[in-house]
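Work through the following exercises with the coordinates open, and try each task before reading its solution.

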Amino acid sequence: MKKLAAILVSLLLVVSLAACGSANAANANNAPAEEKTEEKTETTPVAAGEGLGFKDRTKNPYEDPMKFAWIPTRASEANATAWGNGIREELSYWSNTELNVFDPEGDAEQQAKIVSDLVAQGYDGIFLQTINPQTLAASVEEAENAGIPVVCINMGADTPHAALVSMTDFEAGQVIADRIAEELGGEGNVVVIQAKVGAVRGINLEDGFQAQLKNYPGIKILDEQPADWNMEKAQTVMNDFLTAYPDQIDAVFAHNDQMAEGAGMAVQAAGKTGEIYIWGANGETKALEYIEQGIITGTVYTNCKDQGKTAARIMMLYLNSNIDTSTFTKTPVTKMPPITVDASNVSSITPDMRW
Amino acid sequence: MSNIVKNNPVVKAILSSSRILVLLVLVIFFTAVTKGTFFSYKNLVNILYSVSLIGIMICGACFAVLLGGIDRTVSGNAALSGAIVAMTILRGGVGGGNVALAICLGLGAGILSGLIHGLILSRFNIPAFLLTLATNEILYGFVQLVTSNTLIYVNGCTLMDYIGQKRWLGIPIPVYIMLVCILFAYIILNHTVYGRQVYSVGGNRQSSELSGVPTRRVILIAYIISGFMGALAGFVLSSMNQQASAGQAKNYENNVLAAIVVGGVSMRGGSGSIQNAILGAFLIGVIENGMNLMGVPAIYKDMAKGIIIIVAVAMDMATQPGTPLYNFMKRFKKKAA
């Protein structure tokens, strides 16, 4: 009887845990909507005197010893490396600067802890790609209040900070929808290989894609499955799509290039290369090579190294000014130009632009 | 007539393991729902392909689990081996000699890692979970060093192209590699003295030692096999992806251990078999594939997967004398009668 009671109690615990989990997922899903509204209003300039404060900085960022940190979501990802290289290249012109990389390995709480630690250590500036805008809000605010500008890359925090240098995601999804519609002549079936469930970039790309597809009633989404940004998982998912919908798939939209490459390999193994249009996003070197080889159709390319450099320049600008970024009432956003790449213009992305 | 059916080895096997029964039910269910697509040759090949990497890793990790230990470094070994192979080819070119060197270095790294773990675990009383949890992080640290945190692309390597992209009889090469590994593990565990020693040490290390089994050597060899299989899986993964990355194969160890446990291999060691561990991997593979074909939305997939796994394991426990669930069911049946 006791055992039975114990089993019942543990079942109850499991159910309540599951409920908590879904609540978190719901929160994560709300995030992009807030992000987007923020991005749309960002074009209105910040009025002088409205919340903007000034203070004197004691250090000259081009002469005094400066310590910077770069905290991506995961240091092992290709774009994180490209951004880091861009920041490093830009800062290396000034021998007084030092850049350290920290890896929270995809854990938002860990990332928040790192930011707080760096504030305590007296860093001069923080480059950050937040894992979760809400979780990082408190520690980013802490850094800004301590006079440390936080320049975010691709994903900001839910609190005003020095700057956000962002790739396009909603717009990239729209562009890809347009291109697929154009290639299919407005009629056809698409499958989507999604990002990790709850990933904000994936949700934004998808929202843009779906919003634009409303203009093309002849295009139908057959199925959507996540492959967690992962190439071999995407290959499995694509294999399953090809089996479930034989000869019905006209195009594939993958939320990143790695997954587009996986889909490309599955399509190649099925002997259907060239029959199915495959689009990815990001523009990493291998995707560009696959476009050249005709394995995938196209991608929305962003020069990630340049994005890192831009972030570094913005940081130096603030540190050499008397603008108090902690008094900002909204985060200034600058967007990297997206370049839609396919076989016709892939050669315009020269080797020095590839990452 | 009924005796003939009952004595049929296939029927016996199905009735003796409820995992096979659950697998069979799932196969029939998915085949019916997908109007036969699930049971097509092409799809069965897809399932085999999707479990091939995990399958290769199981063939190594299973030895550690049978010994009552655990090897969480299969993923780290895979990532390191893949990175070393890709980096060596990138530096030295795609010539035959260099590719052979790259593979030797990659697999060698796995063997070395297994050797170190085996030496430590056989000589010091450290919990294997703790040690391999920590060393897996170290291994991933090495991977970051080797790759400098960038994606390493491999282009034009004939052997890796062959493994990653070619098919024999419509079946991808990684599947054959997995089958060879399964055969290897099966023969070692069931038809050699060493295999019997593994079960003996896993069942009771002290009494095996007293009866003259070289326990240290048994443990050492098990972790070397595990390291090698991890490294082999890493090489296959790099061939499939034509690249190596610092985060490659991350968290695969969880899937490997899940499959082994679902397959009924006891975490306390000494009982279970490689065939059942592989069956566990297939069970998970079939569930994932079937739900993909049915177009089940991602949000329900994990839930459904968890429930089916619990049902499979519970059914198995309910039919095995001695387990609490079996006793519970027996009492329940008595009451009902």
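The exercises below concern a predicted model, and each task is followed by a stepwise solution.

**Exercise 1. Overall make-up of chain A**

Task: Determine how many helices and strands the secondary structure of chain A comes to, and what percentage of its residues are buried.

Solution. Step one is the count of elements, which gives 10 helices and 14 strands for chain A. Step two turns to accessibility: of the 355 residues in chain A, 54% are buried, where a residue counts as buried under 20% relative accessible area. Step three looks at contacts in chain A between residues at least 6 apart in sequence, and of these 76% join residues at least 24 apart.

**Exercise 2. Backbone angles with a positive phi**

Task: For A:N154 and A:W229, find the value of phi, and decide whether each residue is buried or partly exposed.

Solution. The point of departure is that most residues other than glycine have a negative phi. A:N154, which is not a glycine, nevertheless has a positive phi of about 70 degrees; A:N154 sits in the loop between β5 (150–153) and β6 (163–166) of chain A, and with a relative accessible area of 10% it is buried. For A:W229, also a residue other than glycine, phi is positive and near 65 degrees. A:W229 belongs to the loop between β8 (219–226) and α7 (231–244) of chain A, and its relative accessible area of 25% makes it partly exposed.

**Exercise 3. The two domains of chain A**

Task: State the bounds of domain 1 and domain 2 of chain A, and describe the contact between them in terms of residues, buried area and salt bridges.

Solution. The domain assignment gives 53–166 + 304–336 for domain 1 and 170–301 for domain 2. Taken over C-alpha atoms, their centres are separated by 32 Å. To the contact, domain 1 of chain A contributes 5 residues and domain 2 of chain A contributes 5 residues. Between the two domains about 370 Å² is buried, with 46% coming from carbon and sulfur atoms.

The polar side of the interface is treated next, where the rule finds 1 salt bridge and 1 residue pair in polar contact, both at pLDDT 80 or more. On the side of domain 1 of chain A that touches domain 2, the residues fall into 2 nonpolar, 2 polar and 1 charged.

**Exercise 4. Salt bridges that link distant parts of the chain**

Task: For the pairs A:K59 with A:D124 and A:R354 with A:E292, locate the partners and give the accessibility class of each.

Solution. In general, side chains of opposite charge can pair when their charged atoms come close. The whole structure holds 13 salt bridges over all chains. In the pair of A:K59 and A:D124, the closest N and O atoms are 3.0 Å apart. A:K59 lies in the loop between β1 (53–54) and β2 (66–71) and A:D124 in the loop between α3 (108–120) and β4 (125–128), so that 65 residues separate them along chain A. A:K59 is partly exposed at 35% relative accessibility, whereas A:D124 is buried at 13%.

The pair of A:R354 and A:E292 likewise has its closest N and O atoms 3.0 Å apart. A:R354 is found in the segment after β14 (339–342) and A:E292 in helix α9, 62 residues apart. A:R354 counts as buried at 19% relative accessibility, while A:E292 is partly exposed at 45%. A network of salt bridges with shared partners joins A:E89, A:K305 and A:K309.

**Exercise 5. The contact of chain A with chain B**

Task: Work out how many residues each chain brings to the contact, how much area is buried, and which element of chain A gives the most residues.

Solution. Chain A brings 33 residues to the contact and chain B brings 35. Together the chains bury about 2,700 Å², 47% of it on carbon and sulfur atoms. A:E232, A:D240 and A:T243 supply 20% of the area that chain A buries against chain B, more than any other three residues. Turning to specific pairs, there is 1 salt bridge between the chains, in which the side chains of A:E105 and B:K250 meet at 3.7 Å, N to O. There are also 16 residue pairs in polar contact, both at pLDDT 80 or more. Among the elements of chain A, α2 (78–91), β8, α7, α8 (257–269) and α9 (285–293) each supply at least two residues of the side that touches chain B, and α7 gives the most, with 10 residues. By class, the residues on this side of chain A are 13 nonpolar, 10 polar and 10 charged.

Terms used. Residues are numbered from 1 along each chain as its sequence is written. Chains are lettered from A and ligands numbered from 1 in the order in which they are written. Side-chain values use heavy atoms; hydrogens and water are left out. Helices (H or I, at least four residues) and strands (E, at least two) are DSSP runs, numbered from the N terminus. Buried means under 20% relative accessible area, exposed over 50%, partly exposed in between (1.4 Å probe, protein chains only). Domain bounds come from an automatic or database domain assignment. Contact means heavy atoms within 4.5 Å. Buried area is the accessible area (1.4 Å probe) that two parts lose on being put together, summed over both. A salt bridge is a side-chain nitrogen of Lys or Arg within 4 Å of a carboxyl oxygen of Asp or Glu. A polar contact is a pair of N or O atoms within 3.5 Å; within protein, one must be able to donate a hydrogen and the other to accept it, and residues adjacent in sequence count only if both atoms are side-chain atoms. Ala, Val, Leu, Ile, Met, Phe, Trp, Tyr, Cys and Pro count as nonpolar, Asp, Glu, Lys and Arg as charged, and the others, Gly among them, as polar.
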